[in-house]
Amino acid sequence: MKKATLLILVLISNIIISQDQKTEPKQSNAEIFSTKSGTLIEKQFKDVGKIGLTELKIIKFTDMISGQSISSLRFERKVSGKYSSDTKIASLDVDEIDALIKSIEIINKDVFNFPSENYTEIRFQSRSGFEAGCYWSKDNWKPYIQIKKRDRKSLAILSKDDFLSLLELLKQVKKQLE
């Protein structure tokens, strides 16, 4: 009887542990600031440019009660399905823009010019789950951006020229936010 009870407890604990835990998506510092309770938030949007179907905007959040403000870079991509449409959004904090610029520069200088013997992925990931990087496929590096983590509809495969245009837009954003 003790063995059966122990076996049942072990099985139940394994089932509980193996169940997927739903976790909230992480947010950028700007998103956290903009959703604080007890604040009156003003949002100002400034268009920066476009890479394919993805729009880049600077968004400035201001707490009109305290006067505090924070800015971030916003990526927006409209996606349409057979029966619906949606806008995928990701925000990068100012400190993440520097890291993304450095990442794209490294990929351009040290990765694009050298073939890989195996399938390889290289990626930058922000707090909110935005990704930018490249992967080796069929004798060529393929740069990409992905607005939302684990969301294939938010994935955009870019040309190398578009990837470098993204770099230039990021540098413009950095100057505007300094």
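In this predicted model, S91 comes out buried, with just 3% relative accessible area. The residue sits in strand β4, which covers residues 85–93. Setting aside neighbours within four places in sequence, the contacts of S91 are S28, E31, S72, L73, R74, E96, S126 and S128.

Stepping back to the whole chain, there are 4 helices and 8 strands. Read from the N terminus, the order of elements is α-α-β-β-β-β-α-β-β-β-β-α. Of the 178 residues, 37% count as buried. As for contacts with a separation of 6 or more, 42% of them link residues that are 24 or more positions apart.

Strand β7 is a handy place to pick up the sheet pairing. This strand takes in residues 140–146, and 5 of its 7 residues are buried, so it counts as mostly covered, given that buried means under 20% relative accessible area. On one hand, β7 runs antiparallel to β6 (residues 131–137), and 7 bridges join the two. Within that pairing, Y135 has K142 of β7 as its bridge partner. On the other hand, β7 pairs with β8 (residues 155–157), again in the antiparallel sense, over 3 bridges. Here I145 is matched with A156 of β8.

The turn between β6 and β7 deserves a closer look. The hairpin has 2 residues between its strands. K138 is placed in the loop between β6 and β7, and D139 lies in that loop too. Most residues other than glycine have a negative phi. K138, though, has a positive phi near 50° while not being a glycine, and D139, also a residue other than glycine, has a positive phi near 65°. Both are out in the open: K138 counts as exposed because its relative accessibility is 80%, and D139 is exposed as well, at 70% relative accessible area.

Next come the pockets. Rolling a probe the size of a water molecule over the atoms shows where empty space is left. The second largest pocket has a volume of about 210 Å³. Its lining is made up of 14 residues, and those that lie nearest the centre are E121, E131, Y144, Q146 and L155. Strands β5 (121–125), β6, β7 and β8 each put at least two residues into the lining of this pocket. Sorted by class, the lining holds 7 nonpolar, 1 polar and 6 charged residues. The hairpin strands β6 and β7 thus turn up again here, as contributors to the pocket lining.

That leaves helix α4, residues 160–177. With 18 residues at 1.5 Å a residue, α4 should span 26 Å, and its end C-alpha atoms are indeed 26 Å apart, so the expected and modelled lengths agree. Along the helix, F163, L166, L167, L169, L170 and V173 are buried. What covers these buried residues includes β1 (41–51), β2 (54–63), β3 (69–80), α3 (94–111), β6 and β7. Strands β6 and β7 therefore show up in three settings: they are joined to each other by 7 bridges, they help line the second largest pocket, and they are among the elements that cover the buried residues of α4.

Terms used:
Residues numbered from 1 in each chain as written. Predicted model: local features only at pLDDT ≥ 70, side-chain atom pairs only at ≥ 80, totals over all residues. Heavy atoms only, no water. Buried < 20%, exposed > 50% of the residue type's maximum accessible area, 1.4 Å probe, protein only. Pairing = 2+ DSSP bridges. 1 Å grid on protein atoms, 1.4 Å probe; cavity = no way out; pocket = protein on both sides within 12 Å on 5 of 7 lines; lining within 4 Å. Points joined across faces, edges and corners; volume = space filled by probe spheres on them. Nonpolar A, V, L, I, M, F, W, Y, C, P; charged D, E, K, R; others polar. Expected span 1.5 Å × (residues − 1). Contact = heavy atoms within 4.5 Å.
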